[in-house]
Amino acid sequence: MKTSAPPRAPSLPRRGALTAMALLLGGGVLAYKALPALAAESAVTIPPPADTGAAPTASTETAVLAGGCFWGVQGVFQHVKGVTSAVSGYAGGDARTANYGAIGSGRTGHAEAVRITYDPRQIGFGQLLQIYFSVVHDPTQLNRQGPDFGTQYRSTVFAQNAEQARIAKAYIAQLDAARSFGAPIATTIETDKPFYTAEAYHQDYMTLHPNQPYIALHDLPKRSNLQRVFPALYRDKPVLVGAGA
């Protein structure tokens, strides 16, 4: 699991350090270059939700989704057309523990989450959920995602209103009934949970650190899957949090 990092120069998480060591021992640069192809997760092709909700009446809406390390979740949604902002942060716990050092204990109630601001006239909440379940993470894993363990890495839809909760619940039931995955979906739905923005050094992490072993191994394949499975929704230039977005 990841360890805390100083604001100006975040260290490799422990998982990243172990990956780097494995690369050095197992073939150096050649092994590193081959990693994305070897580690690419297979996206699961799933149908869109049958219930997509009411026609949009606003030009901006917000969704908050958690699905493992927020670096990859943010990085994928930053490449989705209609998304105007994707911010890494924490949701599920109190303000006093909404920081990277505290949430690593797995006892704060927080999950690493991403707040997605989008134009519902271009992309709907149901389409965001389809991407979330298909390419962003494995929704059948309980309190973990890949090499990361703990409740802070749980799969959760932090519904921003009753309609989002209803759509998410119905979609999970639809996918489970169709046996879209090899196991029941473990994604939970939580309501009335504030979102807290994560430290600056976590923002745009996938874009800023594409050569970091953990990113190359676990996150860049998700972006590739987005482009392959949802070509009509893919945008090549990400919408970034930092200056120059």
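# A walk through the model, from a loop to the sheet

N143 is partly exposed, with 28% of relative accessible area. That places N143 between the two cut-offs, because buried means under 20% and exposed means over 50%. The structure you are looking at is a predicted model, and N143 makes a handy first stop in it. You can find N143 in the loop that runs between helix 5 and strand 4, the strand of residues 144-145. Its backbone deserves a look too: the phi angle of N143 is near 55°, a positive value in a residue that is not glycine. Most residues other than glycine have a negative phi.

R179 offers a second example of this kind. Here phi is positive as well, at about 55°, although R179 is not a glycine. To locate R179, look in the loop between helix 6 and strand 7. How exposed is R179? Its relative accessibility is 73%, so R179 counts as exposed.

From these loops, let us turn to the sheet. Six strands build an open sheet, and if you cross it from one side to the other you meet them in the order 7-6-1-3-2-8, with mixed pairing. Strand 7 (188-191) and strand 8 stand at the edges; each has a single partner strand, so one side of each is left without a neighbour in the sheet. On average, neighbouring strands of this sheet are turned by 35° against each other, with direction ignored. Strands of a sheet pair through backbone hydrogen bonds, and they may do so in a parallel or an antiparallel way.

Begin at the edge formed by strand 7. Strand 6, which covers residues 155-159, runs parallel to strand 7, and four bridges join the two. Within this pairing, F158 stands opposite E190 in strand 7. Keep E190 in mind, as this residue will return below.

Now move across to strand 2, which spans residues 83-91. Is strand 2 mostly covered or mostly open? It is mostly covered, with seven of its nine residues buried. Strand 2 pairs with strand 3 (residues 111-118) in the antiparallel sense, over eight bridges. One place to see the two strands face each other is S85, which stands opposite T117 in strand 3. Strand 2 also runs antiparallel to strand 8 (residues 195-197), and three bridges join them. There, Y90 stands opposite Y196 of strand 8.

With the sheet in view, we can look for charged side chains that meet. How many salt bridges does a search of the whole structure find? It finds five. One of them links D119 and R121, whose closest N and O atoms are 2.9 Å apart. The two partners have contrasting surroundings: D119 counts as buried because its relative accessibility is 8%, while R121 counts as exposed because its value is 61%.

E190, which we met in strand 7 opposite F158, takes part in a salt bridge with K193, with the closest N and O atoms 3.0 Å apart. E190 is buried, at 14% relative accessible area, whereas K193 is partly exposed, at 33%.

Another salt bridge brings together the side chains of D219 and K222, at 3.8 Å from N to O. Both of these residues are buried. They belong to helix 8 (residues 213-229), and because they are three residues apart there, about one helical turn separates them. Salt bridges can also share partners, and in this way R154, E190 and K193 are joined into one network.

Our last stop is the largest pocket, which holds about 340 Å³ of space. Its lining consists of 20 residues, and those that lie nearest its centre are T52, A54, E61, F125 and E163. Which elements give two or more residues to this lining? They are helix 5 (125-136) and helix 6 (162-177). Helix 5 supplies the largest share, four residues. What kinds of residues surround the pocket? Sorted by class, the lining has nine nonpolar, nine polar and two charged residues.

These helices also lead back to our opening stops. N143 lies in the loop between helix 5 and strand 4, and R179 lies in the loop between helix 6 and strand 7. Following the chain onward from R179's loop brings you to strand 7, one of the edges of the sheet.

Notes
Residues numbered from 1 in each chain as written. Predicted model: local features only at pLDDT ≥ 70, side-chain atom pairs only at ≥ 80, totals over all residues. Heavy atoms only, no water. Salt bridge = Lys/Arg side-chain N within 4 Å of Asp/Glu carboxyl O. Buried < 20%, exposed > 50% of the residue type's maximum accessible area, 1.4 Å probe, protein only. Pairing = 2+ DSSP bridges. 1 Å grid on protein atoms, 1.4 Å probe; cavity = no way out; pocket = protein on both sides within 12 Å on 5 of 7 lines; lining within 4 Å. Points joined across faces, edges and corners; volume = space filled by probe spheres on them. Nonpolar A, V, L, I, M, F, W, Y, C, P; charged D, E, K, R; others polar. Axes fitted to C-alpha atoms, helices over the stretch in contact; angles between N-to-C directions.
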